[in-house]
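Please open the model in your viewer and keep the sequence panel beside it. The tour below moves from one selection to the next.

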Amino acid sequence: MRSSCPARQGRSPSWSPPGRPVPGRAEPVDVTRPVAPGKATGGRRDPRDAAGSTAVGRHQQQDGSTVPAGGEIGGSTGTGTLTVDLPVRGRPVLVAGGGPPALGRIAALRAAGALVTVVSTHPADAVTDLADRGLITLHRREITDADLREALLVVTATGDPELDAGLAEAAERAGRLTLSGSGAVAVEPAVERRVSGGRVVLVGGGPGDPGLITVAGMAAVAEADVLVVDRLAPLAVLQRARDGAQIIDVSKIPHGPSTSQDEINRLLVTHARAGRTVVRLKGGDNFVFGRGGEEWQACEAAGIDVRIVPGVSSATAAPALAGIPVTHRTLNQGYTVVTAHVPPGDPRSTLDWAALARTGTALVLMMGLKTLPEVCSTLIGHGLDPATPAATVADAGLPSQRRVVGTVADIADRTREAGLKAPAVTVIGSVAAFDPRRTD
Ligand SMILES: C[S@@+](CC[C@H](N)C(=O)[O-])C[C@H]1O[C@@H](n2cnc3c(N)ncnc32)[C@H](O)[C@@H]1O
């Protein structure tokens, strides 16, 4: 006998009274029987898994027994559940529900390469967008038995626990694997997938605060056999390196000790050739004045596999951490990042300072503390209004962070008088005087 499901109408997917199919469509599933607690929950994925698997934790078999599955067995809990790696790449997975509660699961399934079909009467805009771009299949209707039968895995994500439980029960009756309740589809950053043989992972560590390294960057650090690090990297994250990992300091101290780029390249190649996973951890983003391209070239020439984990560059993060948005709709239409390690007029400088003075974009000067007086006077000499706001931010993201504000005419003096030291960026442009309380 069927009884009414307490699920509210208007949820996605909406539920129709049993036996009352949507005209012209297959009969909606019966979601009326309660599901036993703890029936299908998520589990952690073994980081050694092959690409295209997704962890489906604790799937209860129909007879309550645990059955070795094709994937790797992560552990049996004695509750009739099993943690397995489920190979979903290229296989159909049904997500029941397309509202905000489903967004994370849809993204994780897509990341694992599943062929995702979402059934939802009220999909979120982000889900509609994925369907419009052909990245998922979306049915704006109620779920049917046929939907359940076609899927390798049914993931319930309506946001309504009772409706989810009923859908999970219906899916299990149809013989489908289900993931519901508090179960999560584990997402592992691509870089965490180990490959055999040595390789180099270029990891951008962000401006210095260990909270500003990416999840993928953190995972790479935790997996590394060897970490080749710079002083501007968020060195606190090295505490997450695994026991026995080798840490090599190759800091380049301005006017102090430094390791040559050739030696750094040699270290990367040598350790990777020995079969190790080498993480090259730098501050900011390795491809923004970070010599990441050169290190990649050196590895490529030696036939070493390279992966890139972008970082949060200090070019935008340092201003942001000091309250300066490098773009603001009413103030500018762009920003320009340059290195000022050599002054205007220096034969090594390839920058067109006259053009930079006219861009109308915010200028972000990197490595420019020493040359700041010449840079500012050159910009003014090429017509930049001396009253243009400017700010210098030092040690962004570190407890020692400092900010000095002024104009392009006096920022060099103010920065020097305040005793700001590298690393620092200077922002020149109206955004440097940004005040979130003012909207005029
Ligand atoms: C060799 S570049 C490396 C930039 C780095 N790859 C990035 O994306 O942030 C070094 C310069 O970055 C800037 N910088 C790096 N970390 C900084 C921080 N925490 N605060 C302010 N500026 C920083 C300074 O201009 C410094 O001289």
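What follows takes up confidence, then a sheet with its helix, and finally the surroundings of the ligand.

Begin by colouring the chain by pLDDT, since this is a predicted model: the chain average is 82, and 78% of the residues score at least 70. Select residues 32–77, where pLDDT stays under 50 although the model has 120 contacts beyond four places in sequence for them. Residues 191–195 also stay under 50, with 14 such contacts.

Next, select the open sheet of five strands, which pair in parallel and follow the order β6-β5-β4-β7-β8. Its edges are β6 (137–139) and β8 (177–179), each of which pairs on one side only, and the twist from one strand to the next averages 20 degrees. Within the sheet, show β4 (residues 92–96) and β7 (residues 153–156), parallel strands joined by four bridges; here Leu 94 stands opposite Val 154 of β7. Then add helix α4 (residues 161–173), which packs on the sheet in touch with β4, β7 and β8, and whose direction makes about 170 degrees with that of β7.

Now move to the ligand and select the 25 residues that surround it, the closest being Gly 284, Gly 290, Ser 313, Ser 314 and Ala 396. By class, this shell comprises 15 nonpolar, seven polar and three charged residues. At least two residues of the shell come from each of α8 (314–321), β16 (389–394) and β18 (424–428), and α8 gives the most, with three. Finally, colour domain 2 (190–312) and domain 3 (316–433) separately: both give residues to the shell, so the ligand lies between them.

Key
Residues are numbered from 1 along each chain as its sequence is written. This is a predicted model: local features need pLDDT of at least 70, side-chain atom pairs count only at pLDDT 80 or more; totals for chains, interfaces and linings use all residues. A residue is near a molecule or strand if its C-beta atom, placed from the backbone, lies within 6 Å of it. Ala, Val, Leu, Ile, Met, Phe, Trp, Tyr, Cys and Pro count as nonpolar, Asp, Glu, Lys and Arg as charged, and the others, Gly among them, as polar. Domain bounds come from an automatic or database domain assignment. pLDDT is the predictor's confidence in each residue, from 0 to 100. Two residues are in contact if their C-beta atoms, placed from the backbone, lie within 7 Å. Two strands pair if DSSP finds at least two bridges between them. Axes are lines fitted to C-alpha atoms, for helices over the stretch in contact, and angles run from 0 to 180 degrees between N-to-C directions.
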